[in-house]
Amino acid sequence: MKSRALTIARHEARLMRTQPWIVVILIVIPGLLLAFFANGIVGGAARAVPGVAALFGFFGLSAIGLAFFRDHGWMTWDRLRVSRARPIAVIFGKLTPLAMVFLAQYLLLFPLSWAAFGLQIRGSVLGVALVSVALVSVELGIGLLLAVVCTSIAQLNTLVSVGALLLVGGAGALAPIETFPGWLQAIAPVSPVYWSFKGFYAAIGEGGSLNDVLVPIAVLFGMAAVCFVLSGVFYKHEQRKTFFA
């Protein structure tokens, strides 16, 4: 299983090198936007950098859908389905290169923001790193779940676009949640971005220690686990998908 998963992962990595748009969405565009308003958002770079990264991280979930739906459009899914690669190997192989790119977003944006936009991490650097890993695990889980339940790439892209705005904007990542209506403040914890921003801001803006971010990290990993379990429940290896009509 391991060798087949690695073979699929290498194939997906080669495809990503020929179509690097996911790198543009996750890293280039957020970096350009931060140049304009890294210090213009209430809370400064400590709010803007995690908020913008999360927004484009969730926009980037389209890449997870593409990794699965593309094979249906290219008529190669049946070849994968009847091969010796088990479903778990296919999923692992397709998600692994994407996980590396999603993690690279934070690995590059935080140092860039420190050098160019004055971002200061006042607390635990390890805490920031673990929150990043936890958030990426949720992004992968949600992306996989959408790829499993959606029947067309158009449906998935629509849900990603709307969902990204709701999950990030409604979680207080781009504006203080205290300024939101009471009902929106009450449901904000449903969003994983609420917990990621809680962890990021505790470590970056408030000088918190690793202990101060353990609860957000645990909640994020819990959300990721739920998404992966649901993906396993609804996954149908033989299901047909529509790439582009």
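## Two cysteines, no bond

Cys150 is buried, because its relative accessibility is 1%. Its sulfur cannot bond to another cysteine, because the closest cysteine sulfur, in Cys227, is 13 Å away. This is a predicted model.

Cys227 tells a matching story. The cysteine sulfur closest to Cys227 is that of Cys150, at 13 Å, which is too far for a bond. Cys227 also counts as buried, because its relative accessibility is 12%. A disulfide needs two sulfur atoms within 2.5 Å. By this rule, the count of disulfides is zero.

## Confidence

The mean pLDDT of the protein is 87. Of its residues, 96% reach 70 or more. Confidence is highest in helix H11, residues 214-234, at a mean of 96. Confidence is lowest in helix H5, residues 77-82, at a mean of 73. Where pLDDT is low, the predicted coordinates should not be read in detail.

## A network of charges

How many salt bridges does a search of the whole structure find? The search finds three. They link Glu12, Arg70, Asp71 and Lys94 in a network.

Start with Arg70 and Glu12. Their side chains meet in a salt bridge, at 2.6 Å from N to O. The partners come from distant parts of the chain, 58 residues apart. Arg70 sits in helix H4, residues 62-73, and Glu12 in helix H1, residues 2-18. Both residues are buried. For Glu12 the relative accessibility is 3%, so Glu12 falls in the buried class.

Glu12 also forms a salt bridge with Lys94. Here the closest N and O atoms are 2.7 Å apart. Glu12 is in helix H1 and Lys94 is in helix H6, residues 87-117, so this pair ties together parts that are 82 residues apart in sequence. Lys94 is buried too, with a relative accessible area of 1%.

Asp71 joins through Lys94. The side chains of Asp71 and Lys94 meet in a salt bridge, at 2.5 Å from N to O. This pair links helix H4, which holds Asp71, to helix H6, which holds Lys94. The two residues are 23 apart along the chain. Asp71 is buried, with a relative accessible area of 8%.

## Helix H4, under cover

H4 supplies Arg70 to the network, and H4 supplies Asp71. How much of H4 is covered? Most of it: 11 of its 12 residues are buried. The buried residues of H4 include Ser62, Ile64, Leu66, Phe68 and Phe69. Arg70, Asp71 and His72 are also buried.

The length of H4 agrees with what a helix should give. Its end C-alpha atoms are 15 Å apart, which agrees with the 16 Å that its 12 residues should span at 1.5 Å a residue. After H4 comes Met75, whose phi is positive, near 60°.

## Helix H10, also covered

Helix H10 runs over residues 192-204 and has 13 residues. From its first C-alpha to its last, H10 reaches 18 Å. That is close to the 18 Å expected at 1.5 Å a residue.

H10 is mostly covered as well, with 11 of its 13 residues buried. Among them are the aromatic residues Tyr194, Trp195, Phe197 and Phe200. Pro192, Val193, Ser196 and Gly199 are buried too. So are Ala202, Ala203 and Ile204.

## A nonpolar patch on the surface

Which residues form a nonpolar patch on the surface? They are Val149, Val226, Val229, Leu230, Val233 and Phe234. Together they have about 530 Å² of accessible area. H11 gives the largest share of the patch, five residues.

Leu230 is one of the patch residues. Leu230 lies in helix H11. Leu230 counts as partly exposed because its relative accessibility is 35%. An α-helix has 3.6 residues a turn, so residues three or four places apart point the same way.

## Beyond H11

His237 is in the segment after H11. Is this residue buried or exposed? His237 is buried, with a relative accessible area of 11%. The C-alpha atoms of His237 and Asp78 are separated by 9.4 Å. Along the chain, the two residues are 159 residues apart.

Key:
Residues are numbered from 1 along each chain as its sequence is written. This is a predicted model: local features need pLDDT of at least 70, side-chain atom pairs count only at pLDDT 80 or more; totals for chains, interfaces and linings use all residues. Side-chain values use heavy atoms; hydrogens and water are left out. pLDDT is the predictor's confidence in each residue, from 0 to 100. Helices (H or I, at least four residues) and strands (E, at least two) are DSSP runs, numbered from the N terminus. A salt bridge is a side-chain nitrogen of Lys or Arg within 4 Å of a carboxyl oxygen of Asp or Glu. Buried means under 20% relative accessible area, exposed over 50%, partly exposed in between (1.4 Å probe, protein chains only). Patches are made of residues with over 30% relative accessible area and no salt bridge: like charges are joined within 9 Å, nonpolar side chains (Val, Leu, Ile, Met, Phe, Trp, Tyr) within 5 Å. Accessible areas come from the Shrake-Rupley method with a 1.4 Å probe; for residues, only the protein chains shown count as cover. The expected span of a helix is 1.5 Å times one less than its number of residues.
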